Amino acid sequence: MKKEILPANKFEKIYRFGEVTSTMDVCEDLIKSGVRKGMVLAESQTAGRGRNAKKWVSEANGNIYLSFFDKLDTDFIPQRCAVAASSAVSQFVEKAGTVQIKWPNDILINQRKVSGIIAKTFDSGGKRFYICGIGVNVFMPEDPENNFVWKPAAVSEFAEVSGEEVLKILVKAVNSAFSFAQSSLILDVYAEKISWMIGKNIVFSQDLVRKETGRIVGFSDDFSVIGIETADGLREFSALSILSII
């Protein structure tokens, strides 16, 4: 990928690699070395991170494996990531309404996963940073074991695109989402994108072993908690794995 295609952004510099364990690992190493903000892009990852210790398939096939970091002075970071990824993908899908956020921050096209997001905080030298990772399927990933929890989707199913084109739009979207001082604007967009989930029946798991069922009744004001009506009554969760939505 050529550096000049990337727009100016608040993270200032992008670090490019061929194969890495994880772009989030590289972010941590850069922070430890004294770098205070930046973006990290890799052609492939040998240990791409997903939520709840899941693996993110990361072949060198033109898909996007991007992480970025900055000092922790911004709120609603997972929601900002989700809005950015959703906005970027929507620009390549003719009917943007088919692009949805699955709580807390997976991006779906017609209930197939096109993008995964992970966010964390990291302390170094007495300072706290946020690190966010966004993976986008520009092309359909290969998985000989076919062990995806959610069937994958790819941007290239809906438009003739290259990884460079999607990356450029994604960087713009991330810069925009993380430049908003008014978090209410981000939350309004996020709320609209996950509203489709309310009233849906789901299968979920807290430990990836025992499956439970219920109906989504809503979210907390900051979207950190999901409310699910189960056979045991209304329950609230700050973390779980949603296995299917009906």
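This briefing looks at one helix pair and one sheet. The model is predicted. In it, helix 2 and helix 4 cross with a left-handed sense, and elsewhere in the description 5 strands make up an open sheet with antiparallel pairing.

**Helix 2 and helix 4**

- Helix 2 covers residues 77–90 and helix 4 covers residues 183–194; their axes come within 9 Å and cross at roughly 60°.
- The two helices are therefore oblique to each other, and their crossing is left-handed.
- On the helix 2 side, the contact is made by Gln79, Arg80, Ala82, Val83, Ser86 and Ser90.
- Helix 4 answers with Ser183, Ile186, Leu187, Val189, Tyr190 and Lys193.
- Sorted by class, this contact between helix 2 and helix 4 holds 6 nonpolar, 4 polar and 2 charged residues.

**The open sheet**

- If you trace the sheet across its strands, the order is 11-10-9-8-12, with antiparallel pairing.
- Strand 11 (233–237) and strand 12 (241–245) are the edge strands, each pairing on one side only.
- On average, neighbouring strands of this sheet are turned by 45° against each other, direction ignored.

**A look inside the sheet: strands 9 and 10**

- Strand 9 (residues 211–219) pairs with strand 10 (residues 226–230) over 4 bridges, in the antiparallel sense.
- For a handy place to start when viewing strand 10, pick Ile228, which is the bridge partner of Ile216.

Conventions. Residues are numbered from 1 along each chain as its sequence is written. This is a predicted model: local features need pLDDT of at least 70, side-chain atom pairs count only at pLDDT 80 or more; totals for chains, interfaces and linings use all residues. Side-chain values use heavy atoms; hydrogens and water are left out. Axes are lines fitted to C-alpha atoms, for helices over the stretch in contact, and angles run from 0 to 180 degrees between N-to-C directions. Angles under 35 degrees count as roughly parallel, over 145 as roughly antiparallel, 65 to 115 as roughly perpendicular and the rest as oblique. A crossing is left-handed if the near helix is turned anticlockwise from the far one by less than a right angle, and right-handed if clockwise. Contact means heavy atoms within 4.5 Å. Ala, Val, Leu, Ile, Met, Phe, Trp, Tyr, Cys and Pro count as nonpolar, Asp, Glu, Lys and Arg as charged, and the others, Gly among them, as polar. Two strands pair if DSSP finds at least two bridges between them.
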